[in-house]
Amino acid sequence: MLLFLDMNNMHKDIIIIGAGVSGIGAACHLSRKHPNKSYIILESREELGGTWSLFKYPGIRSDSDMYTFGYSFKTWDNPKSFADAPSILKYLNEASDEFKVKNHIKYQQRVISYNFNTYKKLWLVTTVNTITGEELIYTCNFIFSCSGYYNYNKGYTPEFKGQLDYEGEIIHPQKWPENFDCTNKKIVVIGSGATAVTIVPKLASKASHITILQRSPSYIGNFPSKDKVAAIIKYIFSKKLAHSLIRFKNILIQIIFFSLCRSFPKSMKKIIIKGAEKQLGNFPVNPHFRPNYNPWEQRFCIAPDGDFFKVIKDGKASIITEHIDCFTKNGILLKSGETIEADAIITATGLNLLAFGATKINIDSIPFDVSKSFVYKGVMLSNLPNFFMFVGYTNASWTLKIDLTNEYISRILKYLENRNYSALQVKVNEDTLDPIPLLNLNSNYIHRSANILPKQGNKVPWRLYQNYILDYKLLRIDKIKDEWMTFF
């Protein structure tokens, strides 16, 4: 049954979609800078936290330092730079309590469609209750899309020949079973990305042996879990100033490292592989730690305190770089003819991407195709009014870009208020732009979904440079009004 909520009581200035890191951050910014604005957060799950409450696989943690992954306005007080999911959830709950966000969250509300009424300058947001199936209509002036860009319901697992013949347990990390016990089991982890690098050290302490099976290697770096320089800065300065200084330090390090990888790929490749070789002892780096692509063409993996390297060096885990022929009754047969026995197989094979949660978007009941739109400043879509997207960096901490997005939207809201406007949109002249894929990494999960995502152009402000300093200028310093933006 479809219900229209009472307009006077339920209409909000802003509806935030998703109560994860982005959505909670957006709500905190509104509470801090626009207390006069009414808002609600629509969350399809039963709790806040997004990724950090959904994923339950062993060892799940941030792969960015928490001084930049955390919010600019809330200090990170835990001594660990790379935090586990419970610590991140605690941090998000503290921020929610501090800025009184929790009373604004409506749980188990999955958004199924948006429709913008150009005459009324309002969004109609249709949701379905994930428990009762009841549909509701909300209205608002602005939508903040903070739902991320991957499918929360199902991760990506390729079809393996003979999969039904295998008698052991097959687990995708996104659907980790609570009762799984790896004690004394032979385990194969398929994949070489961040998830595999995170899971393997945790399972290695109990499993009989772990085999990492990869088609091609990833770049993996050893970073200390505790930042000694940060500890000194915290000792000298006040908590708030220390947080800002550490954050600035780490932003610079991220930018410099990424720039060096892109500008001097051959030299950086040698340095990274040499670092892995130093960590591994007698275990060979070739071919298992020598990727066939340049650094930062795919996401860089972090091994805090070298935990991933250590379990390989100690013989608790091993790596095979090979292609799978098929699953067998007791394990996996490789193209080389070798068989790997396995009591359980973990398919750390990636994610499925979704554009805006696969929600239908309409303008005056006419479907809007996001794949044909261009991204403006990484924040808005061409020809889509009063709709803001929250997408973080792929080459640095996600939240760095989210914070800049919030600051930019705050400037826009003040601009509209001061000039008595109620709507805005950006328009693009497609004849002047060459379309480029939105995400700048050469990863399989990005290639699989390129046709459903919006595009970027080859020129600013339609080009995303994945650079905090350039974005800081673009979003916090440059003028709001430009030749592409119209207000009404």
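**Cavities, sheets and local backbone features of the predicted model**

Six cavities of 30 Å³ or more were counted in the structure, which is a predicted model. The largest cavity holds about 140 Å³ of space. Its lining comprises 17 residues, and those nearest the centre of the largest cavity are Gly 378, Val 391, Lys 401, Leu 464 and Gln 466. By character, the lining of the largest cavity divides into ten nonpolar, three polar and four charged residues. The second largest cavity encloses about 120 Å³. It is lined by 15 residues, of which Gly 148, Tyr 149, Phe 356, Met 389 and Val 391 are the closest to its centre. In the lining of the second largest cavity, twelve residues are nonpolar and three are polar, with no charged residue present. Val 391 is thus named among the residues nearest the centre of the largest cavity and among those closest to the centre of the second largest cavity.

Open space was also examined. The second largest pocket has a volume of about 540 Å³. Among its 22 lining residues, Asp 65, Phe 82, Phe 223, Ile 253 and Gln 254 are the closest to the centre of the pocket. Helix 8 (residues 239–263) supplies the largest share of this lining, with five residues. The lining of the second largest pocket consists of nine nonpolar, six polar and seven charged residues.

Two open sheets were analysed. In one, five strands are arranged in the order 8-17-9-10-13 with parallel pairing. Strand 8 (169–171) and strand 13 (317–321) occupy the edges of this sheet; each has a single partner strand, so one side of each is left without a neighbour in the sheet. Neighbouring strands are turned against each other by 20° on average, direction ignored. Strand 8 runs parallel to strand 17, and three bridges join the two. Within the sheet, Ile 171 stands opposite Ile 346, a residue of strand 17.

The other open sheet has three strands in the order 14-15-16, and the pairing is antiparallel. Its edges are formed by strand 14 (324–327) and strand 16 (339–341), each of which has a single partner strand, so one side of each lacks a neighbour in the sheet. From one strand to the next, the twist averages 25°. Strand 14 is joined by three bridges to strand 15 (residues 331–334), and the two strands run antiparallel. Ile 324 is placed opposite Leu 334 of strand 15.

The structure contains zero disulfides. For Cys 261, the closest cysteine sulfur is that of Cys 301, at 13 Å, which is too far for a bond, because a disulfide requires the two sulfur atoms to lie within 2.5 Å. Cys 261 is buried, with a relative accessibility of 1%. Cys 182 is likewise buried, at a relative accessible area of 6%.

Several local backbone features occur in loops. The loop between strand 17 (344–347) and strand 18 (360–363) contains Gly 357, which is partly exposed at 42% relative accessible area. The C-alpha atoms of Gly 357 and Leu 400 are 22 Å apart, with 43 residues separating the two along the chain. Ala 358 also lies in the loop between strand 17 and strand 18. Although Ala 358 is a residue other than glycine, its phi is positive, near 60°. Ala 358 is exposed, with a relative accessibility of 53%. A positive phi of about 60° is found for Asn 184 as well, again in a residue that is not a glycine. Asn 184 is located in the loop between strand 8 and strand 9 (186–190), and its relative accessibility of 60% places Asn 184 in the exposed class.

Cis peptide bonds precede two prolines. The bond from Asn 286 to Pro 287 is cis, with omega near 0°, and Pro 287 is situated in the loop between helix 9 (265–280) and strand 12 (301–304). Val 460 and Pro 461 are likewise joined by a cis peptide bond, with omega about 5°. Pro 461 belongs to the loop between strand 25 (455–456) and helix 13 (468–477).

Key: Residues are numbered from 1 along each chain as its sequence is written. This is a predicted model: local features need pLDDT of at least 70, side-chain atom pairs count only at pLDDT 80 or more; totals for chains, interfaces and linings use all residues. Side-chain values use heavy atoms; hydrogens and water are left out. Two strands pair if DSSP finds at least two bridges between them. Helices (H or I, at least four residues) and strands (E, at least two) are DSSP runs, numbered from the N terminus. Axes are lines fitted to C-alpha atoms, for helices over the stretch in contact, and angles run from 0 to 180 degrees between N-to-C directions. On a 1 Å grid over the protein atoms alone, a cavity is a set of points where a 1.4 Å probe fits but cannot get out, and a pocket is an open set with protein on both sides within 12 Å along at least five of seven lines; lining residues have an atom within 4 Å of a point. Grid points are joined across faces, edges and corners, and a volume is the space filled by probe spheres set on the points. Ala, Val, Leu, Ile, Met, Phe, Trp, Tyr, Cys and Pro count as nonpolar, Asp, Glu, Lys and Arg as charged, and the others, Gly among them, as polar. Buried means under 20% relative accessible area, exposed over 50%, partly exposed in between (1.4 Å probe, protein chains only).
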